[in-house]
Amino acid sequence: MEHKKEIRLSVRSLVEFIFRSGDLDNRRRTSSEPAMAEGNRVHRMLQKKGGAGYHAEVGLRWNYEAEEYNICLEGRADGIMEDYVPEEYRKLGEQMPLFATEYGLMDVPTPLTYIDEIKGTYQALSRIKEPYLEHLAQAKCYAYIVAMEEELSEIGVRVTYCNFEDHDLKYFHYTFKKESLGEWFEKAMQELLKWVQYHFAWQEEKVPSIQSLSFPYTYREGQKELASYVYQTIYHGRKLFLEAPTGVGKTLSTVFPAVKALGQGLSEKVFYLTAKTITRTVAEETFALLREKGLAFKDIVITAKEKTCFNE
C-alpha cells in the first residue's frame, strides 16, 4: 500500500486560500502590530463576557483522508457556547408561537451549541451587512469539526464583529444541519486538493533539479568557503554577517547554497533583499543563470512603490 502524503494546515490558512474575496482595495483589512494587539484585547474582553457556558480558545483538529493525501486541519475556535439561543431568536419566540426561519416555521428555538468567531475592525459596523466570506467559512469549518466529534445533528455559528474604537458589537447567527455542513466542507476540501496536487507535482520537478544543480563556474578564491558558511548557517538556524569587496561573487555564493538548502527541506523560501536597483539586477541575473543550468525555480521581484510610478 502506497504511503499517503501528509499535509498539516491551519483552518485559517485553508479559508484564506479558498474563500478569500474582495478587490485590490484592502483598506478594510490591517495586519499592523497595533491592530493585532487591539484585536487580541478585544478577543479577551468578549470571551470574558461569554459567561459560564462559553469556552474560549478551544483547540480543534480534524484529519481529512483523500486518495493520495492525509490532510490534518488544526485551529483554535474563539469560543464554543453550549445551550445558546441568540437574543433576537429568543425575543421573537416570546412574541409569536411560530416564527419564520430559513428552515421554515419554528417555535421557540431549541438551545444549540454555537461556534463564535470574533473579528475586530476599524470599519463602521453599519457598513457590514453580512459576514465576510472567509470569516463565516472559518466558523463553519470549526462547526463541522465539533458537529462530527460531538455527533451533533445541528449546530450554530455566530460571527461577532467588534469595532476597535467604540467597542460596538454586531452579530450574525446561522444554524446548519450536519449533513449540509459536510457537503460544504467536502467541496472546500476538493478545491484545496486541486492545489495540493499542483503543489506536489511542482515539488517533484523542483526538488530533483535543486539536488542535481552544480555550481555553474569554477570557484574563485574564497567562494567555496563562503558558500559553505552560508549553507551551514541555514542548517544550524544561525545568522551570518559578511563583508567582502565588489566582484568576488557574493551574490552567487549566497544564492546557490540557499537554494541547495531549500532542496534539502531546510527552508521553504529564499528572500534576497537589496538596497539598490543594480544589486537587485545582479540577483535576477543569478537566478536566470541557475535556470540555464537546469534549476526549476520560481521567483518574484517586489519593487518599491515610488519606482513603479511612470510619472516623474
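This briefing walks through the main pocket, three helix pairs and one tryptophan. Keep in mind that the model is predicted. The largest pocket has a volume of about 1700 Å³, and helix H5 is the element that gives the most to its lining. H5 also turns up in two of the helix crossings below, once with H7 and once with H4.

**The largest pocket**

- If you're setting up a grid box, the residues that lie nearest the pocket centre are Glu268, Lys269, Val270, Lys298 and Ile300.
- Those five belong to a lining of 46 residues.
- Two or more lining residues come from each of strand S1 (5–10), helix H1 (11–18), helix H5 (178–211), helix H7 (250–263), helix H8 (277–292) and helix H9 (305–308).
- H5 tops that list with ten residues.
- As for chemistry, the lining of the largest pocket splits into 24 nonpolar, ten polar and twelve charged residues.

**H7 against H8**

- These two helices pack with their axes 10 Å apart, at an angle of about 50°.
- That angle makes H7 and H8 oblique to each other, and their crossing is right-handed.
- On the H7 side, the residues in contact are Thr251, Leu252, Val255, Phe256 and Val259.
- H8 meets them with Val282, Ala283, Thr286, Phe287 and Leu290.
- The contact of H7 with H8 has eight nonpolar residues, two polar ones and no charged ones.

**H5 against H7**

- The axes of H5 and H7 come within 8 Å, crossing at roughly 130°.
- So this pair, H5 and H7, is oblique too, but here the crossing is left-handed.
- H5 brings Lys206, Val207, Ile210 and Gln211 to the contact, while H7 brings Val259, Lys260, Leu262 and Gly263.
- Sorted by class, the contact of H5 with H7 comes out as four nonpolar, two polar and two charged residues.
- Val259 of H7 is worth a look, as it appears in the contact with H5 and in the contact with H8.

**H4 against H5**

- Helix H4 (residues 133–150) and H5 have axes that come within 10 Å and cross at roughly 125°.
- This crossing angle makes H4 oblique to H5.
- The crossing of H4 and H5 is left-handed.
- From H4, the contact takes Ala137, Lys140, Cys141, Ala143, Tyr144, Ala147 and Met148.
- H5 answers with Lys178, Leu181, Gly182, Trp184 and Phe185.
- The tally for the contact of H4 with H5 is nine nonpolar residues, one polar and two charged.

**Trp62 and its neighbours**

- Trp62 sits in strand S2 (residues 54–65).
- Leaving out residues up to four places away in sequence, Trp62 touches Ile71, Cys72, Leu73, Tyr144, Ile145, Met148, Glu149 and Phe185.
- Tyr144 and Met148 of H4, along with Phe185 of H5, are also part of the contact between those two helices, and Trp62 touches each of them.
- In sequence, Trp62 and Met148 are 86 residues apart, yet their C-alpha atoms are 9.4 Å apart in space.

Terms used. Residues numbered from 1 in each chain as written. Predicted model: local features only at pLDDT ≥ 70, side-chain atom pairs only at ≥ 80, totals over all residues. Heavy atoms only, no water. 1 Å grid on protein atoms, 1.4 Å probe; cavity = no way out; pocket = protein on both sides within 12 Å on 5 of 7 lines; lining within 4 Å. Points joined across faces, edges and corners; volume = space filled by probe spheres on them. Helix = DSSP H or I, 4+ residues; strand = E, 2+ residues; numbered from the N terminus. Nonpolar A, V, L, I, M, F, W, Y, C, P; charged D, E, K, R; others polar. Axes fitted to C-alpha atoms, helices over the stretch in contact; angles between N-to-C directions. Parallel < 35°, antiparallel > 145°, perpendicular 65-115°, else oblique. Left-handed = near helix turned anticlockwise from the far one by under 90°. Contact = heavy atoms within 4.5 Å.
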